[in-house]
Amino acid sequence: MNRRELLRRLAAAGAAPLLPSWALAKASSDGWQAEFEASGAAWKAGFANLATDLPPVRAAVSGRFPDALTGTLYRTGPAGHELGGQRYHHWFDGDGMTQRFAIDRGEVVHQGRFVATPKRVAEQRAGRRLTEAFGTVPEGAELPQSPDSMNVANINVLPLGGELLALWEGGSATRLDARTLETRGFKTWRPDLAGLPFSAHPRVDPDGTVWNFGIGSGRGLLVLYEIGADGTLRRADGVQVPDLPMVHDFAVTERHLVFLMPPLVYDPERKKAGASFADAHVWRPELGLRVLLVDKKDWSKRQWLRLPTGFVFHLGNAWDESTPGGTVVHLDYMRYDSAESVFTSNREVMRGRRVRSPEPYLTTATLNLGTGQASQAVLPVEAEFPRIDPRRIGLRHRQVVHATQVMDARPGFAAIARTDVEAGTSQRFVYGPQALVEEHLFVPDGAGPGWVLGTVLDLTQKKTVLSCFAADRLADGPVARAMLPYALPLGLHGTFAAA
Ligand SMILES: [Fe+2]
């Protein structure tokens with residue numbers, strides 16, 4: 001596909017819905033804000049609204065953070081859930097706030113700052129919602145002029161080229177000052193690529209090469225990016241994919257880009273009829289869980305395989321094995337039986353309701369590129385927010401750090417685990433039913449076993465706590481903790497940047 005054709009298709013992929021704003025579903029006099037306020041659930045603190053930025057403040061530290069953790073943990077997530085008396089209908093809708101935990105000589109300083117996307121700036125000025133979001137079409141919403149007019153930069157962060165990129169998945173990355181978290185505007189990789197979707201889950205090879213993709217919903221276009229460790233774009237192109245679904249994450253091996261494509265397919269007709277972006281997706285189980293492998297060096301070399309129907313947000317890692325019969329790709333992913341959580345549990349929490357939906361299980365898959373056959377094993381381990389040693393991205397790995405232990409009475413996870421995906425064994429630390437566990441990262445420490453670093457929302461204290469564990473002794477509990485003087489709403493992903 002030449003560049004002109006790519007741009008033409010991408011421009012079309014970003015086209016706005018075609019109905020006037022009066023025809024869109026109404027969402028203001030819906031009582032969600034009142035329902036949330038009336039809810040007696042203690043866990044609702046995880047979905048509370050933050051109204052303003054959080055200036056730097058020192059956390060209360062106990063224990064000692066290891067020297068290898070001198071640096072900054074950046075995290076992000078939806079934090080602006082309400083405006084003008086109106087509450088969003090989906091956890092993934094809220095304005096993104098970037099969190100910065102600076103760890104230095106026994107001290108931890110926290111700062112939180114909203115990403116000043118054009119959407120947030122305009123809506124704060126107006127005092128009401130102006131544009132639709134992932135799962136909500138507010139009353140009177142204007143037609144989005146482009147995907148970036150809906151961009152809330154609330155999913156992940158990527159330090160690159162001396163800046164911090166705040167990532168969404170439907171549009172551009174947003175450039176931030178890594179120290180002050182001040183917003184510098186959308187990232188333009190190349191002038192002709194401005195505004196194209198850039199996913200929130202780039203993968204960084206051990207040599208620093210950044211791989212990413214974007215989903216051009218509605219036109220079936222998968223955009224691929226290769227970026228040098230210095231932040232310079234090397235390549236971008238589009239691949240046409242039939243029945244292109246919602247794809248949130250992917251994996252890389254030494255030789256391949258690996259996409260799991262759950263059968264949650266965008267239907268432009270639903271969008272035109274007024275559905276939110278999320279609700280414009282249709283579950284089509286007959287498609288199976290398609291697997292697309294793209295040769296890293298030659299994007300025209302592609303192979304399709306198929307796993308049993310299921311849904312996935314996140315993959316752990318993937319790697320190539322050379323066998324006499326050809327290459328076998330191994331990967332692990334957090335498998336759901338269906339995409340129900342997109343439409344129910346992650347929505348109902350916004351009005352303080354706990355609704356169960358199929359839970360994610362750590363699943364290992366084997367893709368035989370010689371025979372075209374794919375198989376999988378679902379481990380009896382609930383798992384989300386998988387992270388591995390960043391030095392093993394695309395290489396053979398055994399350990400995956402992940403949240404685990406679903407609770408009946410409340411959303412989220414109560415424990416953190418480290419699972420050996422080859423042996424199927426897990427060690428874990430149970431924070432308990434009063435903690436909402438967020439993503440934990442593996443932080444390497446030379447040849448040592450390394451550390452596990454992550455946050456929880458402690459519902460008893462009503463405070464967010466950063467904890468550090470010895471990676472080989474999770475069950476011993478944290479070696480250091482830093483308690484913030486406030487509770488943060490639950491975030492999504494983060495990254496650690498050593499000083
Ligand atoms: Fe994610």
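**Exercise 1. Determine how strand 2 and strand 33 pair, and place both in their sheet.**

Solution. Strand 2 pairs with strand 33 (residues 480-483) in the antiparallel sense over four bridges, where strands are DSSP runs of E with at least two residues, numbered from the N terminus, and two strands pair if DSSP finds at least two bridges between them. Within strand 33, Ala482 is the bridge partner of Val61. This is a predicted model, in which local features need pLDDT of at least 70 and side-chain atom pairs count only at pLDDT 80 or more, while totals for chains, interfaces and linings use all residues. Residues are numbered from 1 along each chain as its sequence is written, and side-chain values use heavy atoms, with hydrogens and water left out.

The next step is the sheet, which is open, has five strands in the order 2-33-32-31-30 and shows antiparallel pairing. Strand 2 (60-63) and strand 30 (435-443) each have a single partner strand, so one side of each is left without a neighbour in the sheet. From one strand to the next, the twist averages 15°, with axes taken as lines fitted to C-alpha atoms and angles running from 0 to 180 degrees between N-to-C directions.

**Exercise 2. Describe the sheet that contains strand 26, and find the residue opposite Arg387.**

Solution. Strand 26 belongs to an open sheet of four strands, ordered 26-27-28-29, with antiparallel pairing. Its edge strands are strand 26 and strand 29 (425-430), each of which pairs on one side only. Strand 26 is joined to strand 27 (residues 399-406) by two bridges, and the two run antiparallel; in strand 27, Val401 stands opposite Arg387.

**Exercise 3. Characterise the lining of the second largest pocket.**

Solution. The lining comprises 36 residues, and those nearest the centre of the pocket include Arg387 and Thr495. A pocket is here an open set of points on a 1 Å grid over the protein atoms alone, where a 1.4 Å probe fits, with protein on both sides within 12 Å along at least five of seven lines, and lining residues have an atom within 4 Å of a point. Among the strands that each supply at least two residues of this lining are strand 26 (384-387) and strand 30.

**Exercise 4. Decide how accessible Gln240 is, and identify its backbone contacts.**

Solution. Gln240 lies in strand 15 (residues 233-240), and because its relative accessibility is 36%, Gln240 counts as partly exposed, a class between buried (under 20% relative accessible area) and exposed (over 50%), with a 1.4 Å probe and protein chains only. The side chain of Gln240 reaches the backbone oxygen of Arg219 at 2.6 Å and that of Gly220 at 3.3 Å.

Note on methods
A polar contact is a pair of N or O atoms within 3.5 Å; within protein, one must be able to donate a hydrogen and the other to accept it, and residues adjacent in sequence count only if both atoms are side-chain atoms.
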